[in-house]
Each structure stands twice: as structure tokens, then as C-alpha cells.
Amino acid sequence: MNAQPPTRAVRDLTGMLVRAAHVMTIRLTAALAEIDSSPRAHCVLFHAMQAERTQIQLAELADLDKTTMVVTIDELERDGLAERRPSSVDRRARIITVTPAGEDLVRRGQEIVDRVHAEVMGFLPQGERAEFVSALARLVEGEFATQVASEKPVRRRREATV
């Protein structure tokens, strides 16, 4: 027996955001593969170039768990794109430094990321683009800037490796 689900009072915001994020990640993954990079590597290297940051700080900015962050930095080091070094401020802390090869990859990657973002924004009417970005920024910089506590951990979908 199939019962009728309740009528939605508002559109499925969670479903739409999850779908949009997933499709965007796939587009970025495919595009960054042109230069043998990935959205995760680009994000970590980009934030590491901005300031002297520890692995933990970069993990927070990239929204990665500790295990994934360690694997990511190991890969970036192996590929000659980043190095772990002692902090100039706290000798106990290790920071992630981007190598010249990593800096070049980030510059090339940012051109690709900007291109993909422009392509996606092109699907919206010109008059809605700035409003969309502004509204999304207000959400992620406001209400969504910090996570709420949850007794049950939320697991992310595992990214497929290519």
C-alpha cells in the first residue's frame, strides 16, 4: 500500500543545494583534470597561498576531515606542489607552503574554476546572476557560517577517484 506523502510547504531546498553542489563538483573535477588537478587540491593550495596556515586551518577552510586532509597534503607533497614546514610564529606548528610548481598550478586552476563558474552562471538570466550570488553568499557567510551541533554525525558522499 502506497501512502501519499505530505504536500510540501516549500520547495526541497536541501535537495536542490545538494544536487547543485554535486553537479558543480563534477564539472570542476572534469575541468581541473585538464591540468591534472582536482577541486580539493585546488582549494587547499589556494588557501595555503593566501597566508601561513596549518594543516588543521586548511582542513577547516576546505571543509575536509583530518584523514582526508593528511592524504591530500601527502599527495601534494609527493607531486612537488606543497611542503610541510615549521611555522615562523609557533615552532611546534607545521604550516603548508606552496611550491613554485604548486603556485603555477593554482594560477592555471583558478582560470579553469573561473571559466566553469562563468559557464554555470550563464544558465541564469543576466538580471538574476548577481542576486543569486549575493543571496548564496549571505547564507554561507551568515546562517551557514558555522555548523550546528548534531548528536548523529552527518557523513558526506565519498568522492569517486578517477
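1. Let me start with a cut-off that the points below lean on: a residue is buried when its relative accessible area is under 20%, exposed when that value is over 50%, and partly exposed in between. Ile35 has a relative accessibility of 13%, so this residue counts as buried. Please keep in mind throughout that we are looking at a predicted model.

2. Here is the overall picture. The chain has 6 helices and 2 strands, and from the N terminus the order of its elements is α-α-α-α-β-β-α-α. Its C-alpha atoms fill a box of roughly 60 × 40 × 30 Å along the principal axes. Of the 162 residues, 24% count as buried. If you take the contacts between residues at least 6 apart in sequence, 52% of them join residues at least 24 apart.

3. On confidence, the chain has a mean pLDDT of 91, with 94% of its residues at 70 or more. Among the elements, the lowest mean pLDDT belongs to α3, at 91, and the highest to α5, at 97. The stretch to watch is residues 158-162, where the pLDDT is below 50 and where the model shows 0 contacts beyond near neighbours in sequence. Where pLDDT is low, predicted coordinates should not be read in detail.

4. Now to the packing of two helices, α2 (residues 39-50) and α4 (residues 66-78). Their axes come within 11 Å and cross at roughly 85 degrees. An angle of 65 to 115 degrees counts as roughly perpendicular, and α2 and α4 are therefore roughly perpendicular to each other. From the α2 side, Arg40, Ala41, Val44 and Leu45 take part; they meet Thr68, Met69, Thr72, Ile73, Glu75 and Leu76 of α4. By type, the residues of this contact divide into 6 nonpolar, 2 polar and 2 charged.

5. Which residues have the most contacts inside the largest nonpolar core? They are Val44, Leu45, Met69 and Leu76, in a core of 25 residues. You will recognise these four from the previous point, since Val44 and Leu45 are on the α2 side of the helix contact and Met69 and Leu76 on the α4 side. At least two core residues come from each of α1 (13-32), α2, α3 (55-62), α4, β2 (94-98) and α5 (100-121). The most generous contributor is α5, with 5 residues. As general background, nonpolar side chains in soluble globular proteins tend to be buried together.

6. Leu45 deserves a click in your viewer. Setting aside neighbours within four places in sequence, Leu45 is in contact with Leu76, Leu81, Ala82, Val98, Gly102, Leu105 and Val106. Of these partners, Leu76 is also one of the α4 residues in the helix contact.

7. His47 is another residue of helix α2. Is His47 buried or exposed? At 17% relative accessibility, His47 counts as buried. Beyond residues up to four places away in sequence, His47 touches Arg53, Leu58 and Leu61.

8. The loop between α1 and α2 holds two residues worth comparing, Ile35 and Asp36. Ile35 is buried, whereas Asp36 is exposed, with a relative accessible area of 71%. Leaving out neighbours within four places in sequence, Ile35 is in contact with Leu105, Arg108, Gly109 and Ile112. The C-alpha atoms of Ile35 and Ala82 are 16 Å apart, with their positions 47 residues apart in sequence. For Asp36 and Leu105, 69 residues apart along the chain, the C-alpha separation is 9.0 Å.

9. If you check backbone angles, two aspartates may catch your eye. Asp36 has a phi near 60 degrees, a positive value in a residue other than glycine. Asp63 likewise has a positive phi near 60 degrees. Asp63 lies in the loop between α3 and α4 and is partly exposed, with a relative accessible area of 36%.

10. Finally, a look at helix α1, where Ile26 has its place. With 47% relative accessibility, Ile26 counts as partly exposed. Ile26 and Leu76 are 50 residues apart in sequence, and their C-alpha atoms are 21 Å apart in space.

Notes:
Residues numbered from 1 in each chain as written. Predicted model: local features only at pLDDT ≥ 70, side-chain atom pairs only at ≥ 80, totals over all residues. Heavy atoms only, no water. Axes fitted to C-alpha atoms, helices over the stretch in contact; angles between N-to-C directions. Parallel < 35°, antiparallel > 145°, perpendicular 65-115°, else oblique. Contact = heavy atoms within 4.5 Å. Nonpolar A, V, L, I, M, F, W, Y, C, P; charged D, E, K, R; others polar. Core = buried A, V, L, I, M, F, W, Y, C linked by side-chain atoms within 4.5 Å. Buried < 20%, exposed > 50% of the residue type's maximum accessible area, 1.4 Å probe, protein only. pLDDT = per-residue confidence, 0-100.
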